[in-house]
Each structure stands twice: as structure tokens, then as C-alpha cells.
Amino acid sequence: MALTLFARRPEPVEAPALEPWPEIGETWKPEGVTIAQRYHNQAHAVVLVYTTDDGPYGTYYSIACLGCHYATRENGERTYSTRYSLADAAKVANEHATTCRALPRDIPARPDDDTVRERLHAWVRGARHRDKDVQLWLSYLDLIRLTVQRTNDWIEAELQQLAADQPEVLRTERSEYSDQVCYYARQLPEN
């Protein structure tokens, strides 16, 4: 009798089918993000490996769980080259998926332009320091790109407009080595 208790195995649970996005009839593909891999956690929430840009030094990946609020874009154990390659991101996503028991959440709704614009403005204002101007990189936004759901071109256009409208908050500067535009949150005014 005791051997039969140990011989039983739970019935395998089939992962639910990915629901198509109603507007396009395909699985969810947030704007501005390229999804490289998907994993299911123990409760079938999706863990995504995604990229937002092919940078000048290669393509880097971020990980986000659509069950819990786990998100990462850097390996904190390294001293240099802390961004994830696809292989590293896949390993981290798989490790998270095997331990996470969070239930699936709804797919993040695409916010309207005004909401995203206000989030970008708040991000720039929050990055300002008392001592100096702070350079801002679009890659700093990687962890919120699934909720922002905008392309790099759209974000850059909004940052350019913010720099034109509020030069005391944000300035732009063209790189002397390439055509890249750099963004700097301006130093806070002294009281």
C-alpha cells in the first residue's frame, strides 16, 4: 500500500493558450518591445524576455513576470557588462518561472499619450540632482516599457518636445562622435 502512494504522480496540467489581442487577432505584442521568449510560471503566468532596442554595443534583454511584479534588466553580480544577453536573460527568466507561483494578471492596457507623456516628464523631473546635470538613457526605461508601450522614436520625440518646452528641466546635446542625441536632466536650482 505504501508503494502505491509514492507511485502516484499528479496529472500534468496543460498551459493555457495565449489569448489573442482583440485589435490585431494575435498574441500580445506591446508597441516598442520585441518579445524574444516566453515562459510559464507554476500558475501559468507568462514570464517575458524582451528587448527594446538594438543598441550600438549589441542587443540587451530585460525580463518581466506578468504574474508577480518581478522585473530585471541587469545582473547585479557582475562588475562590468551588467546587461543581459539573450542566453543570460533566458536563464534568469526560466529560474524565475520555476519558482514563481503568482497567478496571471491581466495584460497591461495601453495607456493614452497624455498618461505616458506625464510619466516621462515625472521620470525626467525625478532624475534631477542638486550637484550636476544627469545624463538620461532610454535604456533606463526598459523595466517600464511593457506599461508605457511606445516606440523609441515616440519617446525621443516627446523628450525633444520637453526639452524645447522646458529647457530648465531637460536639455539635449548631439554627440560629437555620432548622430546620437543625448538627454540631460538639468541641475536643480539652488534655493
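A residue is taken as buried under 20% relative accessible area, as exposed over 50%, and as partly exposed in between. The structure described here is a predicted model. On this scale Arg171, at 23% relative accessibility, counts as partly exposed. Glu173 counts as partly exposed too, because its relative accessibility is 37%. The side chains of Arg171 and Glu173 meet in a salt bridge, with an N to O distance of 2.7 Å.

This pair belongs to a network of salt bridges that links Asp133, Arg171, Glu173 and Arg186. Within the network, Arg186 forms a salt bridge with Asp133, and the closest N and O atoms of the two are 3.6 Å apart. Distant parts of the chain are linked by this contact: Asp133 lies in the loop between helix 3 and strand 9, Arg186 lies in the segment after strand 11, and the two are 53 residues apart. Arg186 has a relative accessibility of 29% and therefore counts as partly exposed. Asp133, at 25%, is likewise counted as partly exposed.

By the distance rule applied, the count of salt bridges comes to 10. Another of them joins the side chains of Arg83 and Asp142, with 2.8 Å from N to O. Arg83 is located in the loop between strand 8 (71-72) and helix 2 (86-99), and Asp142 in the loop between strand 9 and helix 4, so the pair ties together parts that are 59 residues apart in sequence. Both Arg83 and Asp142 are buried.

Strands 9, 10 and 11 form an open sheet in the order 9-11-10, with antiparallel pairing. Strand 9 (134-136) and strand 10 (170-174) are the edge strands, each of which pairs on one side only. Neighbouring strands of the sheet are turned by 35° against each other on average, direction ignored. The antiparallel pairing of strand 9 with strand 11 (residues 181-185) runs over three bridges. In this pairing Val134 stands opposite Ala185 of strand 11.

Two helices lie across strands of this sheet. Helix 3 (residues 113-127) lies across strand 9, strand 10 and strand 11, and runs at about 150° to strand 9. Helix 5 (residues 152-165) lies across strand 10 and strand 11, at about 115° to strand 10. The 14 residues of helix 5 should span 20 Å at 1.5 Å a residue, and this agrees with its end C-alpha atoms, which are 20 Å apart. The buried residues of helix 5 are Asn152, Trp154, Ile155, Glu158, Leu159, Leu162 and Ala163. Their cover includes helix 3 and helix 4 (145-148), together with strand 10 and strand 11.

The structure holds zero disulfides. A disulfide is a covalent bond between the sulfur atoms of two cysteines. For Cys68, the closest cysteine sulfur is that of Cys65, at 3.7 Å, which is too far for a bond, since the cut-off for a disulfide is within 2.5 Å. Cys68 is partly exposed, with a relative accessible area of 21%. Cys182, at 11% relative accessibility, counts as buried.

Technical notes: Residues are numbered from 1 along each chain as its sequence is written. This is a predicted model: local features need pLDDT of at least 70, side-chain atom pairs count only at pLDDT 80 or more; totals for chains, interfaces and linings use all residues. Side-chain values use heavy atoms; hydrogens and water are left out. Two strands pair if DSSP finds at least two bridges between them. Helices (H or I, at least four residues) and strands (E, at least two) are DSSP runs, numbered from the N terminus. Axes are lines fitted to C-alpha atoms, for helices over the stretch in contact, and angles run from 0 to 180 degrees between N-to-C directions. Contact means heavy atoms within 4.5 Å. The expected span of a helix is 1.5 Å times one less than its number of residues. Buried means under 20% relative accessible area, exposed over 50%, partly exposed in between (1.4 Å probe, protein chains only). A salt bridge is a side-chain nitrogen of Lys or Arg within 4 Å of a carboxyl oxygen of Asp or Glu.
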